[in-house]
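Visitor: Can you walk me through this structure? I'm new to this, so keep it simple.

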Amino acid sequence: MKKLGVVIATLLAVGAAAWLGGSWWVGKETERIVRAQIEQANQHSAGRGVSQELVSYDRSLLGAKAVTRMSVTDPLLASWLDQAQFSHQIKHGPLLLADGVSFGVSHWSTRLDMASLPTASKTFVEQAFAGKEPFTAETKIGFDKIIHTTANFSPMDARLEADGTTLKWAGANFTGDISATEKSGPFSFKANKFELRDANASFTLPSLDIQGRMGPVAGGLENFTMKLPTLSMLVAGETQPITMDLSVDSVLSEQNGAVQGKASFQIANIQGNNQQGVAIPVKQVDVKVDYAGFKLEGLKEIQALQAKLQALQEQMQVDEAATELPEGQKQQQQLAQQAQQLTEELLDLVLNKVLQAGLSKLRYDLSLSLDKGKVTGLADLTYVGSQQPLKLNDLMLYGPQDWGRLVTGSIDLSADKAALPADVSLLMGYALEQKAILEANNQYTLQLKLLGETAELNGSPIGFAELPSKFFPQMPSLSEEASLGLPPDLMQQIEEQGITPEIMQQLEESDDVPKETLEMLKQLQQMNSQVQ
């Protein structure tokens, strides 16, 4: 018996030692995974003005306490979430007792640290969520390095004092199973009813469902499907809302350092009237996009530049009174110069670090279903580029031929004649006359092929410089005034006032205006009146 007691005591001691040793190991492993995940998240969100940092990590033998902080530079979110902190209570494995008994590296309970919020944000959150936790998350890290997360967002009911806008949200739920080693895995986000109301309109979203997969690609989003059924908007004074179903699908991957993918966007079951009380003619919109050959490193640099531009725009949004002072004017000029420089850098990135000659491709497919027919458009384009790196100054000197050489491919448009409003058909009168748009079998069509050095419009060769004149009447330049045959006084009035009805009447009554010039000016006046 005594020996049995010694054996049992020995086994217990060994078990305790193994437990403590295992707990110490998983504690170290948990901290390593956490730091790696924060670094990965920051890489994906660097260009969006959002980053995280590990403020503290106090590890003990059986658990730990951690605090993370969010830094936000995005102008819209910064005043609400910048420097917000999250507290994490961590229990080390290998045996986890949270939500039942299981084995794993660790279990996390995460809460928003309300005290870290700016005063205005804290007051708003406390009132909107009626003193309840706005956000809670439970995370389990398994021995397989899969991070299983469930996050719940509480219902909210808020009112913005500034304009009386009300916000109601019935809550949401997020689940994800992301591999810490492969940096990928499925996720799901489901939101309940959301409602936004102000003095002018109300917007209601009954539900939102997003299913997707995170992955080690640009932005961290490999694919997703989003569905928003029965989205509705009611304008003040109206009794019936505009309703529609919205869905989005996207697939993204990386190959040879470039991104490729496809996306589709659909608005279906559109119902309701416009502001004139007439039923909306468009019943469904379908857009499909396929793309390939856009360099990933360049896209990442663009994200970083966009964040800088957003920060500059926020600085430029100051009171008008501040710009009346010399110091304020000087600061605005400096900010404008910086914004101009960043814009030029952005263009340089797109042309020389994102686009690849012969490899960057874009296919765009649009379909509109209307009451009385369809309108479709298809563009299939390949970037050809230039033999020399392109700069903004070069582009400013480009003529039609230079622009035409940059891209090859085709653009096809078609529309059922009955589907278009009458004023649109009138606008196309000149293009129909020039055979830029063809009419046959109660349908309008256009086919444009970009062939590099030249183009082809509806089967006929055409130079790039000639294309605009096929769609719009061209006003002769000042050097060609004499060929117009216009009296000097009328020419001066046209330059100062445009082609007004009074001037047209004078032109029609004049015997000195050539018939061709009068016809051209009539077409220009007609097009201008239709646009207005």
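Visitor: Let's start with Trp403. Is Trp403 buried, exposed or partly exposed?
Guide: Trp403 is partly exposed. Its relative accessible area is 44%. Keep in mind that this is a predicted model.

Visitor: Which residue forms an aromatic pair with Trp403?
Guide: Tyr398 does. The ring centres are 5.5 Å apart. The planes stand at 80 degrees to each other, and the pair is edge-to-face.

Visitor: Why give both a distance and an angle?
Guide: A pair of aromatic rings is described by the distance of the centres and the angle of the planes.

Visitor: How many aromatic pairs are in the whole structure?
Guide: The search finds six. One of them joins Phe153 and Phe189. Their ring centres are 6.3 Å apart. The planes meet at 70 degrees, so this pair is edge-to-face. The cut-off for that label is over 60 degrees.

Visitor: Where in the chain are Phe153 and Phe189?
Guide: Phe153 is in strand 8, residues 146–153. Phe189 is in strand 12, residues 185–191. They are 36 residues apart, and the pair links distant parts of the chain.

Visitor: How accessible is Phe153?
Guide: Phe153 has 27% relative accessibility. That counts as partly exposed, because the label covers values between 20% and 50%.

Visitor: Which residues share an aromatic cluster with Phe153?
Guide: Phe86, Phe135, Trp169 and Phe189. Together with Phe153 they form one cluster.

Visitor: What about Ser154, where is that?
Guide: Ser154 is in the loop between strand 8 and strand 9, the latter being residues 156–159.

Visitor: Buried or exposed?
Guide: Ser154 counts as buried, at 18% relative accessibility. Buried means under 20%, so Ser154 makes the cut.

Visitor: What does Ser154 touch?
Guide: Leave aside its neighbours within four places in sequence. Then Ser154 is in contact with Phe129, Glu133, Pro134 and Gly171. A polar atom of its side chain lies 2.6 Å from the backbone oxygen of Glu133. As for Phe129, the C-alpha atoms are 7.0 Å apart, with the two positions 25 residues apart in sequence numbering.

Visitor: New topic. Which residues touch the most other members of the largest nonpolar core?
Guide: Met156, Leu208, Ile210, Met226 and Leu228. That core has 37 residues. Its largest share comes from strand 16, residues 221–235, which supplies four residues.

Visitor: What is Ile210 in contact with?
Guide: Beyond its neighbours within four places in sequence, Ile210 contacts Phe187, Ser188, Phe189, Phe224, Thr225 and Met226. You met Phe189 earlier, in the pair with Phe153.

Visitor: Which residues are in another core?
Guide: Another core of 21 residues lies apart from the largest one. Among its members are Leu342, Tyr383, Leu395 and Leu406.

Visitor: What does Gln356 touch?
Guide: Tyr383 is one of its contacts. The others are Ala258, Gly293, Phe294 and Lys295, not counting residues up to four places away in sequence. A polar atom of the Gln356 side chain lies 2.9 Å from the backbone oxygen of Gly293. Gln356 itself is in the loop between helix 5 (326–354) and strand 20 (361–370).

Visitor: And Asn441, what is its phi?
Guide: About 55 degrees. That is positive, although Asn441 is not a glycine. Asn442 also has a positive phi, near 60 degrees.

Visitor: Where is Asn441?
Guide: In the loop between strand 23 (438–440) and strand 24 (443–450). Asn442 is found between strand 23 and strand 24 too. Asn441 is exposed, with a relative accessible area of 77%. Asn442 counts as exposed at 61%.

Visitor: Zoom out. How many helices and strands?
Guide: The protein has 14 helices and 26 strands. Of its 532 residues, 36% count as buried. The accessible surface is about 31000 Å², and 56% of that belongs to carbon and sulfur atoms.

Visitor: What is the average pLDDT?
Guide: The average is 80. A score of at least 70 is reached by 81% of the residues.

Visitor: Where does pLDDT stay under 50?
Guide: Residues 1–26 are one such stretch. The model has 19 contacts beyond four places in sequence for them. Residues 477–483 also stay under 50, with three such contacts.

Notes:
Residues are numbered from 1 along each chain as its sequence is written. Side-chain values use heavy atoms; hydrogens and water are left out. Helices (H or I, at least four residues) and strands (E, at least two) are DSSP runs, numbered from the N terminus. Buried means under 20% relative accessible area, exposed over 50%, partly exposed in between (1.4 Å probe, protein chains only). Accessible areas come from the Shrake-Rupley method with a 1.4 Å probe; for residues, only the protein chains shown count as cover. Rings of Phe, Tyr and Trp (its six-membered ring) pair if their centres lie within 6.5 Å; planes under 30 degrees apart count as stacked, over 60 as edge-to-face and the rest as tilted. A polar contact is a pair of N or O atoms within 3.5 Å; within protein, one must be able to donate a hydrogen and the other to accept it, and residues adjacent in sequence count only if both atoms are side-chain atoms. Contact means heavy atoms within 4.5 Å. A nonpolar core is a set of buried Ala, Val, Leu, Ile, Met, Phe, Trp, Tyr and Cys residues joined through side-chain atoms within 4.5 Å. pLDDT is the predictor's confidence in each residue, from 0 to 100.
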